[in-house]
Amino acid sequence: MADKSSEDSGFSVLPIVMPPLPSYPVQTTHHVYLRRNAPKIPTPDDSRSLFLANVPVDSTEAHFRALFTSLVGAGRFESITFERDRLAAAQHSATSHEPGQAARIAAHHKKRKREDEQLRDTKAAELPETWARPLHRSGSTAVALLADEKSVESVLKAVRKLTKTKKYPVWGEGVKSEKVPSLGSAWLRSHNKLSYPGTDAVQAAVDAYFTLFNRRESEAEQLAKRLRNEPDEDGFVTVTRGGRNAPARMDEAEEAKKRMLERAAKKRDETQDFYRFQMRERRKAEQAQLLRRFADDKRKVEAMREKRGKFRPET
């Protein structure tokens, strides 16, 4: 029943055999649901990407590399981005520690540093990780990037064949132990050790952070000074902190005054009749006004009829 509903929703079901563990010595089957990646905001790599749902909590890139290799052979799998990685990237961009002025005018910066240099500087300014191997929440998602669109079709075709052969891949089979840190007590011991980094590591991260902050602040100030008198492609001059060098033209002042009056009028309209009884009284007043207009129009029509009845053309 679950397989049927997943197929109706466009997902293919990939059963995976979970080998027994010392803590749970029972072999089980885990189901991963996958389909072609179709995000709301398209990207150039959508045609060669797969969207995965319900990934195992202990998933790593090495696990999925071995999994896809067992399905379609080596050389088809490139990388995978887990849900927690996407959320962490979004949170980092939302709570960026760039100087406020640098963040505001970053869009005007044409001579940006290369992405690899930015990534290196940002990584150096972060504190060390405290977990040797992160775990994922139950039912989380991921996006797997393959070599080409043909590889995506090959994976989907191999998954459909599994329902007939029943030869499900084994989770973790083909993964080299030295590439993936082990879980269990060793994992907790490493976390306890990583939670207390050395003074030198913490000091190096703090120094790198403030070095990066001060450099970006300096670049932002220099860029703000340059943009103060530098028109863009449309001929406009960017107004930055510190004001402008020349006074505004008369038409600019009139336009600004007009916008200010429009905002004030809009705010006044929004704030009036705030309470319910005010709205009720306003509706009553409008209805009374309509009735008065109707009565006036009725009297005018009667007067016109009487005048027309008394009219006698000359013979």
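Begin by selecting Phe-11 and Phe-51, both of which are buried. The model on display is a predicted one, and every stop below refers to that prediction.

**The Phe-11 and Phe-51 pair**

With both side chains shown, compare the two rings. Their centres lie 6.3 Å apart and their planes meet at 55 degrees, so the pair is classed as tilted. Phe-11 sits in the loop between helix H1 (2-8) and E1, whereas Phe-51 belongs to strand E3. The two residues are 40 apart in the chain, and their pairing links distant parts of it. In total, the structure holds 8 aromatic pairs.

**The aromatic cluster**

Next, select Phe-64, Phe-68, Phe-77, Phe-82 and Trp-171, which together form one aromatic cluster. Within this selection, look first at Phe-68 and Phe-77. How are the rings of Phe-68 and Phe-77 arranged, stacked or tilted? Their centres are 5.5 Å apart and their planes lie at 15 degrees, so the pair is stacked. Phe-68 has a relative accessibility of 3% and therefore counts as buried. Phe-77, at 6% relative accessibility, is likewise counted as buried.

Now centre the view on Phe-64 and display its neighbours. Leaving aside residues up to four places away in sequence, Phe-64 touches Leu-52, Val-55, Pro-56, Ser-59, Phe-77, Ile-80, Phe-82 and Trp-171.

**The largest nonpolar core**

Keep Phe-64 selected and add Leu-14, Leu-50 and Leu-52. These four residues have the most contacts inside the largest nonpolar core, a set of 26 residues. To see where the core comes from, colour the elements that each supply at least two of its residues: strands E1 (12-18), E2 (28-36), E3 (49-53), E4 (77-82) and E5 (141-146), together with helices H2 (61-72) and H6 (149-165). Which element gives the most to this core? Helix H6 does, with 6 residues.

**Ser-79 on strand E4**

Move to Ser-79, which is found in strand E4. At 25% relative accessibility, Ser-79 counts as partly exposed. Display the residues around Ser-79: apart from those up to four places away in sequence, Ser-79 touches Glu-61, Val-143, Ala-144 and Leu-145. A distance drawn between the C-alpha atoms of Ser-79 and Glu-61 should read 6.8 Å, although the two residues are 18 apart along the chain.

**Two residues with positive phi**

The next two stops concern the backbone. Most residues other than glycine have a negative phi.

Select Asn-54, in the loop between E3 and H2. The phi of Asn-54 is near 65 degrees, a positive value in a residue other than glycine. With a relative accessibility of 22%, Asn-54 counts as partly exposed.

Then go to Lys-166, in the loop between H6 and helix H7 (185-194). Lys-166 also is not a glycine, and its phi is positive at about 65 degrees. Is Lys-166 buried or exposed? Lys-166 has a relative accessible area of 53% and is therefore exposed, the cut-off for that class being over 50%.

**A nonpolar patch on the surface**

For the final stop, switch to a surface representation and select Leu-127, Val-202, Val-206 and Phe-210. These residues form a nonpolar patch on the surface, with about 340 Å² of accessible area together. Leu-127 is located in the loop between helix H5 (115-124) and E5. With a relative accessible area of 57%, Leu-127 is exposed.

Terms used
Residues are numbered from 1 along each chain as its sequence is written. This is a predicted model: local features need pLDDT of at least 70, side-chain atom pairs count only at pLDDT 80 or more; totals for chains, interfaces and linings use all residues. Side-chain values use heavy atoms; hydrogens and water are left out. A nonpolar core is a set of buried Ala, Val, Leu, Ile, Met, Phe, Trp, Tyr and Cys residues joined through side-chain atoms within 4.5 Å. Buried means under 20% relative accessible area, exposed over 50%, partly exposed in between (1.4 Å probe, protein chains only). Helices (H or I, at least four residues) and strands (E, at least two) are DSSP runs, numbered from the N terminus. Contact means heavy atoms within 4.5 Å. Patches are made of residues with over 30% relative accessible area and no salt bridge: like charges are joined within 9 Å, nonpolar side chains (Val, Leu, Ile, Met, Phe, Trp, Tyr) within 5 Å. Accessible areas come from the Shrake-Rupley method with a 1.4 Å probe; for residues, only the protein chains shown count as cover. A salt bridge is a side-chain nitrogen of Lys or Arg within 4 Å of a carboxyl oxygen of Asp or Glu. Rings of Phe, Tyr and Trp (its six-membered ring) pair if their centres lie within 6.5 Å; planes under 30 degrees apart count as stacked, over 60 as edge-to-face and the rest as tilted.
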